[in-house]
Amino acid sequence: MMNYSNPRNPDTLSESIVMNQKIIPYFYQLGYQYLDINVKLQKDFITAIADLVVYLDEDKTQPYIVAEVKSQIPAEITLLAPSVQQVFSYAAYLGESVRYLLVTDGIHYHWFERSSGGRSLLSLENAPHAYNQQQLALFSNVLQPITDPQHFFDLMHSVMQILVREGTGYGLRMGSEINRILIAKLHDEQNITLGRKSLFSSDQKTESQLSIDIASLFNNALAQLSTISISEGIWNLSPRVLKQIVVMMEKYAFSTITHNAINQLFWHLFSDMVRLDHDVYTTPLYLAQFLIQLVNPQPGMRILDPACGTGLFPIESAKHLQASSEITPTSEISMLSSSLPEKTIIGIEINAEVAELALTNFVLNGLPPNDLVKADALDKNAYTNFRESCDVVVLDPPVGQIPRSFSFLHQFDIASFSNRITYEMLFVERALDFLKPGGILGILLPDTLLSSPAYARARAWILQVAIPKAIISLPVDAFVQVGHSGKASILLLEKKPSSSSKVGQVLLAEIQSLNIGKSQRSVASGIFSSLVEVVRTFMTTNQVPEETQQDYWNAWLISSNELKIESWNASAHNPNKRTFVQTLKQSSYSMVPLESLVEIIGGRNFGPSNYVEKGDNTAMVLQAGAVRDLVLDTSESPFVSYRDYIHFERIQVKTGDVLITTTGKYLGRATAIIGETLGYTLASGAVTILRPRSPAEVDPFFLAAVLSSTLGKEQVLQKQAVSSAQPYIRRGDLGSILIPLPNLRIQKDIADRLHEMLATAQRLIQLANRIEAASKEIVVKELQAGEDNA
């Protein structure tokens, strides 16, 4: 990915200058004392030179960090980058004591943590500071230090299994309990370093006394981060279960684990558990980091999340601020401490159980627990001291329709601009209330609010009070990691000064795919980092680089005036997609709206009670999965009664109909019913019937081919709306799709050629299946022959 705003001088500094002027002072600032440069490494017959090695001892017998210094590296690199693989091999030469790897050019610092035995790497967000060796020695005498993050995660997984066996369900409650115990353990280890007796010990204690001690440790840790005394919540674990967990954990030192591993415990370990609770939604970690990088909060600013959930956005904001500040050497052991003043980063959460988990996540990440406010952010009469006090508001709000009986609805101006009020609409207005004039709002929104004509007046209200700065369309796989499939965008708004009537340009961007998979974080980070540079450049200069198209995304500018009359869906404004349609408009064939060629008939949703076994007096229901591009697969289609077939006469499928999927992940697949003998057949709610108005004007198979082509797919994508559950296209928008219409002879000629090609493809598939079956038979026969010969 390209780095559009690299501050480096074109005359790139040499690696030796970077080493002496930046990297060596950087390590001293982190607290490391014993360094060596250009270290010769020898293994078997291979010799290599490591740029810099950091040791734990003065005699340099315990290598701890290996650094690779480059003249220039990108803002984001993956574990598979050659420089990372190179330094990983150097660590293998030096032995298992090497725990951290660094790849840097003096501007970007990419840290990695090595697992026990050096088998894997974990990307770190912050630099590991030097340990106080006296404290480490103390731990070694009293406890067993944990230095391998995998060992830590395995222990926490064992704690989870104890809780599951004892009846604590997966989800928020388990997260809160484990976080509380971990906070108590870390605070106890702080006490040990101060020469105090450990309370996190089961030795000669009753279960009740041990429970009292653990609760005391937890509350003291809260008090350490608060300016006022605070005692939190009721413990739901029985003393017997708590003792089992203490017995498992008490012999280990957890403070020797990096901040990164402990801070991210909830999102790395509990994401699958939270996903099992359909009432709980978590933002993917990489999306939260992306949004924070886009709004780019700076030291001295106040940041607020009015729907903070488990605390992800406030925590990522704190990390961003710390990364933007000067490095202050701190021990890993003093983990439960904060360098941020209170009310710098504020989270508001209405759900008591979610807020309890957020509070423990705050504490583990060094945020003052008083900055977690348990309240309804939509009550404008509460917390008026936050009004127009924030520089940045960032959130992923709850979504869905709000009943007109909602008690605070009368407080919102935007409610009078739409007949259908949603939570996300109210949170947009509330977020703008919290912002200072000129402040920035970064919010994740379902595409429905940005594209639906039903919300056009609500968008007009937003333009009265805020200046759109950027709209970034996210791909459908953006939420795969947390088990969601909705389509969403990121909206960046600047709150207008009261007298402003500013009209400017808006940056639009579309991310085609994140290729989410096992390496989703590294792939997503690479995509996001290059786009972040473009957005930041635009936010400061109102310009974008000439080259704003990458493998996975592209960006462009439009006038904010265009948003007054059109959808805010970035895809609908994409100049690359418009070009194809515009080119066809200039061809010799006329472009005709689909609705002028066909009658558009929506299908019907059938429930389980409607379905029956296939029989003589039954009718097939064509669902979205049955409709493929130019092919119909009825093998898995369910059946309803003949009485239902007669009753729903309008959705009966007939020869000559074109079927198109209009809801769900198969959106936009089309086929024609030509010559098939389907018998009694109905269209489900996800399938729309397109019935030609005049067979003399359009060939059904030609029409299905156009809709299945790039031309059809791109228009469907541009016009699709997105509900909180799944994408769909409205009947009116479907009817506005443009169809190139040659004369009927040409249409039939194209259709005949496509039929022939599909028939050939089908024969090849059948041949391939026969060859595959024959190959399996050969293996079986050869094995049997071998047995006979034996």
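Partly exposed means a relative accessible area between the buried limit, under 20%, and the exposed limit, over 50%. The views below are taken from a predicted model.

**View 1. A nonpolar surface patch that includes Tyr-680.** Tyr-680 has a relative accessible area of 37%, so this residue counts as partly exposed. Tyr-680 sits in the loop between β26 (670-672) and β27 (681-683). Tyr-642 and Ile-646 join Tyr-680 in the patch. Together the three residues offer about 260 Å² of accessible area.

**View 2. Helix α4 and its buried side.** Helix α4 spans residues 149-165, 17 residues in total. From first C-alpha to last, α4 reaches 25 Å, close to the 24 Å expected at 1.5 Å a residue. Buried residues in α4 are Pro-149, Phe-152, Phe-153, Leu-155, Met-156, Val-159, Met-160, Ile-162 and Leu-163. They cover an arc of only 170° around the axis, so they lie on the same side of α4. Gly-167 follows α4 and has a positive phi, near 95°.

**View 3. A salt bridge within helix α14: Arg-430 and Asp-433.** The closest N and O atoms of the pair are 3.9 Å apart. Helix α14 covers residues 423-434 and holds both partners. Arg-430 and Asp-433 are three residues apart, about one turn of the helix. An α-helix has 3.6 residues a turn, so residues three or four places apart point the same way. Both Arg-430 and Asp-433 are buried.

**View 4. A salt bridge between strands: Lys-469 and Glu-494.** Here the closest N and O atoms are 3.9 Å apart. The pair links distant parts of the chain, 25 residues apart. Lys-469 belongs to strand β14 (residues 466-473), and Glu-494 to strand β15 (residues 488-495). Lys-469 has a relative accessible area of 6%, so this residue is buried. Glu-494 also counts as buried, because its relative accessibility is 17%.

**View 5. A partly exposed salt bridge: Arg-628 and Asp-633.** The side chains meet at 3.3 Å, N to O. Arg-628 has 34% relative accessibility, so this residue counts as partly exposed. Asp-633 is partly exposed as well, because its relative accessible area is 28%.

**View 6. A salt-bridge network around Arg-430 and Asp-433.** Salt bridges that share partners join Lys-380, Arg-387, Glu-429, Arg-430 and Asp-433 into one network. The model has 24 salt bridges by the same N-to-O rule, within 4 Å.

Definitions and conventions:
Residues numbered from 1 in each chain as written. Predicted model: local features only at pLDDT ≥ 70, side-chain atom pairs only at ≥ 80, totals over all residues. Heavy atoms only, no water. Patch = residues over 30% accessible without salt bridge, like charges linked within 9 Å, V, L, I, M, F, W, Y side chains within 5 Å. Areas by Shrake-Rupley, 256 points an atom, 1.4 Å probe, with all protein chains shown as cover. Helix = DSSP H or I, 4+ residues; strand = E, 2+ residues; numbered from the N terminus. Buried < 20%, exposed > 50% of the residue type's maximum accessible area, 1.4 Å probe, protein only. Expected span 1.5 Å × (residues − 1). Arc of directions from axis to C-beta.
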